[in-house]
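Me: I have a structure open and would like to understand the reasons behind the words used to describe it. Could you take me through them?

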Amino acid sequence: NFMSAYVVVEIVVKNPKGYEEYKKLAPPPIAAFGGQYIARGGKAENLEGDWKPNRIVILEFESVDKAKNWLDSEEYREAKALRHKHATSKMIVVEGV
């Protein structure tokens, strides 16, 4: 009886060229921890409130622990450093139902 977990990220890209390199490095470590993309930078539209979303990425993992293990992993270290260099991010993990 596992509960899936979703990582939701809002990203403001500061250097599009550098961010393209991140986009190449990010998928393998996500997959290595059983994660998959649910949304990856598709058009986001405000429905309520004053949120003006930038780039939105949603990842699904089998558990909160798996998501945290991915984020802190050696496999993701290089990609994470690139993301931090070329973009600013807000990131949460939320348990599924």
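Reply: Gladly! This is a predicted model, and a good place to start is helix α1, where the cover over the buried residues includes β1, β3, α4 (74-86) and β4 (87-95).

Me: Which residues of α1 are buried?

Reply: In α1, which spans residues 16-25, they are G18, Y19 and Y22. Seen down the helix axis, the buried residues fall within an arc of 100°, so they line one face of α1. P16, K17 and K24 are exposed on the other side of the helix.

Me: What makes N15 a cap for α1?

Reply: A side-chain oxygen of N15 lies 3.2 Å from the backbone nitrogen of K17, at the N-terminal end of α1. The cut-off for a polar contact is an N or O pair within 3.5 Å, so the 3.2 Å of N15 falls inside that limit.

Me: How do you know that helix α3 has a buried face?

Reply: The buried residues of α3 (residues 64-71) are V64, A67 and W70. Viewed down the axis of α3, they fall within an arc of 125°, so they line one face of the helix. Those buried residues pack against β1, α2 (27-32), β3, α4 and β4.

Me: Now the sheet. In what order do the strands lie?

Reply: The order is β2-β3-β1-β4, in an open sheet of four strands with antiparallel pairing. β2 and β4 are the edge strands: each has a single partner strand, so one side of each is left without a neighbour in the sheet. From one strand to the next, the twist averages 20°.

Me: How do you know that β3 pairs with β1 and with β2?

Reply: Two strands count as a pair if there are at least two bridges between them. Seven bridges join β1 (residues 5-13) to β3, and four join β2 (residues 36-40) to β3, so both pass the cut-off. Each of these pairs runs antiparallel. On the β1 side, Y6 stands opposite E60 of β3, and E10 has I56 as its bridge partner in β3. On the β2 side, Q36 has E60 as its bridge partner in β3.

Me: Why is β3 called mostly covered?

Reply: Six of the seven residues in β3 (residues 55-61) are buried. To count as buried, a residue needs a relative accessible area under 20%, so the description of β3 rests on six residues that meet that limit.

Me: Why is Y76 called buried?

Reply: The relative accessible area of Y76 is 0%, and buried means under 20%, so Y76 qualifies. Y76 is found in helix α4. Leaving aside neighbours within four places in sequence, Y76 is in contact with Y22, A26, P29, W70, L71 and R83.

Me: What makes the pair Y76 and Y22 a polar contact?

Reply: Their side chains come to 2.6 Å. The limit for a polar contact is 3.5 Å, so this pair is within it.

Me: And why is R40 called partly exposed?

Reply: R40 has 35% relative accessibility. Buried is under 20% and exposed is over 50%, so R40 falls in between. R40 lies in strand β2, and its side chain reaches the backbone oxygen of K23 at 2.8 Å. Beyond neighbours within four places in sequence, R40 is in contact with K23, P27, R55, I56 and V57.

Me: Stepping back, what is the run of elements from the N terminus on?

Reply: The elements run β-α-α-β-β-α-α-β, which comprises four helices and four strands.

Me: How do you know that the radius of gyration agrees with that of a compact globule?

Reply: A compact globule of 97 residues would have a radius of gyration near 13 Å, and the protein has 13 Å, so the two agree. The C-alpha atoms fill a box of roughly 40 × 35 × 15 Å along the principal axes. Of the 97 residues, 32% count as buried.

Me: What share of the contacts joins residues at least 24 apart?

Reply: Among contacts between residues at least 6 apart in sequence, 74% join residues at least 24 apart. For a pair far along the chain, take Y76 and L25: they are 51 residues apart, with 8.2 Å between their C-alpha atoms.

Terms used. Residues are numbered from 1 along each chain as its sequence is written. This is a predicted model: local features need pLDDT of at least 70, side-chain atom pairs count only at pLDDT 80 or more; totals for chains, interfaces and linings use all residues. Side-chain values use heavy atoms; hydrogens and water are left out. Buried means under 20% relative accessible area, exposed over 50%, partly exposed in between (1.4 Å probe, protein chains only). Helices (H or I, at least four residues) and strands (E, at least two) are DSSP runs, numbered from the N terminus. The arc is that of the directions from the helix axis to the C-beta atoms. Contact means heavy atoms within 4.5 Å. A polar contact is a pair of N or O atoms within 3.5 Å; within protein, one must be able to donate a hydrogen and the other to accept it, and residues adjacent in sequence count only if both atoms are side-chain atoms. Axes are lines fitted to C-alpha atoms, for helices over the stretch in contact, and angles run from 0 to 180 degrees between N-to-C directions. The radius of gyration is taken over C-alpha atoms; the globule rule is 2.2 Å times the number of residues to the power 0.38.
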